[in-house]
Number of protein chains: 2
Amino acid sequence: MVVSELSDQDVNRIFRALADSTRRDILRRTLVNDVSVSQLADNYDMSFAAVQKHVAVLEDARLVTKEPRGRERMVRGNRDRIRQAQRLLDHFDELWRARIDRLDGLLAEGDPAPSDT
Amino acid sequence: MVVSELSDQDVNRIFRALADSTRRDILRRTLVNDVSVSQLADNYDMSFAAVQKHVAVLEDARLVTKEPRGRERMVRGNRDRIRQAQRLLDHFDELWRARIDRLDGLLAEGDPAPSDT
DNA sequence: CTCTGATACAACCATTTGATTGTACGATAA
DNA sequence: TTATCGTACAATCAAATGGTTGTATCAGAG
């Protein structure tokens, strides 16, 4: 079991990396199978260097890894990171549910909440 | 049942909004209970206007809504949007699983895959 | 060895982002 | 009415982002 605390910076990088259509598309492709950077670049209407940078952003966020394969670099989507991101969103949803529980508690007591300073 | 197609732009905005620690903190607070913009601003070491802008980014991504309350604007976290984001990440995980299924298929056949052009 | 393909990386540029300050305005308290 | 509080919004600015081209390196094909 990997606990792996995610720092705020880590989380920033993960969501930033996901906040771009091209990068999401790259991630999709590299989750389905390993692809070289140049193979990826063929799919987009931008320079090879631009695609390279997008891959670097994903790599920095650890959403993909790169592995040398001859003269190519095979890019592979990292499922673990996806799951960590999922857990982050789960956390938000739990907060929302906590609110509901609190409201239910108030209704049950019929008592106004004291100011929590 | 809300289908609500999310455009690439929508998704960009959602993840971009989540890619900042201050905004995630604002989202957490507004999921737990409604808070005015000035109440939010008290928690951060930056100008009121800066916090206002962060709220605007979250609002633009529809992760929060603002409702007038006297002279204040109460900010409320939008759970539906969180769940939509969760579904987006689920989609990525499904792609990964599809890859595994494909590999399993190959193993079962013991047959090299033809180029899929 | 030589040529080519795949990658790495630096320099550069336009646009966006994240923050600031200053001004204006509606709602409330005195 | 007159302050004052909470907000909205414009102007400004430094830094980060997303793209480009150019140069260098490294592995494989002839």
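Q: Before we look at helix packing, what are the axes, and how do the angles run?
A: Axes are lines fitted to C-alpha atoms, for helices over the stretch in contact, and angles run from 0 to 180 degrees between N-to-C directions. Please note as well that this is a predicted model.

Q: Understood. At what angle do α2(A) and α4(A) pack?
A: Helix α2 of chain A, residues 21-32, packs against α4(A) at about 75°, and the two axes are 10 Å apart. Angles of 65 to 115 degrees count as roughly perpendicular, and α2(A) is therefore roughly perpendicular to α4(A).

Q: Which residues meet there?
A: From α2(A) come T22(A), R23(A), I26(A) and L27(A). They meet V51(A), H54(A), V55(A), V57(A) and L58(A) of α4(A).

Q: And what classes are they?
A: The contact of α2(A) with α4(A) has 6 nonpolar, 2 polar and 1 charged residues.

Q: Let us move to the DNA. Which residues come nearest to strand D?
A: There are 21 residues around DNA strand D, and those that come nearest are S47(A), K53(A), H54(A), S38(B) and R73(B).

Q: Which elements supply that surface?
A: At least two residues each are supplied by α4 (48-60) of chain A and by three elements of chain B, namely α3 (37-41), α4 (48-60) and β3 (72-77). By class, the surface near DNA strand D divides into 6 nonpolar, 6 polar and 9 charged residues.

Q: How much of what the protein meets on strand D is sugar or phosphate?
A: Of the strand D atoms within 4 Å of the protein, 64% belong to sugar or phosphate, and the rest belong to bases.

Q: Which protein atoms lie by its phosphate oxygens?
A: In chain A, the side chain of S47(A) has an N or O atom 2.6 Å from a phosphate oxygen of strand D, and for the side chain of R16(A) the distance is 3.1 Å. In chain B, a polar backbone atom of R73(B) is 2.9 Å from a phosphate oxygen of strand D.

Q: What about strand C, which residues are closest?
A: DNA strand C is surrounded by 21 residues, of which S38(A), Q52(A), S47(B), K53(B) and H54(B) are the closest. Of its atoms within 4 Å of the protein, 61% are sugar or phosphate atoms and the rest belong to bases.

Q: And where are its phosphate contacts?
A: S38(A) places a backbone N or O atom 2.6 Å from a phosphate oxygen of strand C. Polar side-chain atoms do likewise at 3.4 Å for K66(A) and at 3.2 Å for R23(B). The elements giving two or more residues to this surface are α3 (37-41), α4 and β3 (72-77) of chain A, together with α4 of chain B.

Q: Changing topic, how many aromatic pairs are there over all chains?
A: A search of the whole structure finds 1 aromatic pair. F15(A) and F15(B) form this pair, which is stacked, with 6.0 Å centre to centre and 15° between the planes.

Q: Why does the pair join two chains?
A: F15(A) lies in helix α1 (residues 8-18) of chain A and F15(B) lies in helix α1 (residues 8-18) of chain B, so the pair joins two chains.

Q: One last residue: where does D20(B) lie?
A: D20(B) is in the loop between α1 and α2 (21-32) of chain B. The side chain of D20(B) reaches the backbone nitrogen of T22(B) at 2.9 Å.

Q: Which residues does it contact beyond its neighbours within four places in sequence?
A: D20(B) is then in contact with N12(A) and H54(B). D20(B) and H54(B) are 34 residues apart in sequence, and 9.0 Å separates them in space, C-alpha to C-alpha.

How values were computed. Residues are numbered from 1 along each chain as its sequence is written. Chains are lettered from A and ligands numbered from 1 in the order in which they are written. This is a predicted model: local features need pLDDT of at least 70, side-chain atom pairs count only at pLDDT 80 or more; totals for chains, interfaces and linings use all residues. Side-chain values use heavy atoms; hydrogens and water are left out. A residue is near a molecule or strand if one of its heavy atoms lies within 4 Å of it. A polar contact is a pair of N or O atoms within 3.5 Å; within protein, one must be able to donate a hydrogen and the other to accept it, and residues adjacent in sequence count only if both atoms are side-chain atoms. Helices (H or I, at least four residues) and strands (E, at least two) are DSSP runs, numbered from the N terminus. Ala, Val, Leu, Ile, Met, Phe, Trp, Tyr, Cys and Pro count as nonpolar, Asp, Glu, Lys and Arg as charged, and the others, Gly among them, as polar. Angles under 35 degrees count as roughly parallel, over 145 as roughly antiparallel, 65 to 115 as roughly perpendicular and the rest as oblique. Contact means heavy atoms within 4.5 Å. Rings of Phe, Tyr and Trp (its six-membered ring) pair if their centres lie within 6.5 Å; planes under 30 degrees apart count as stacked, over 60 as edge-to-face and the rest as tilted.
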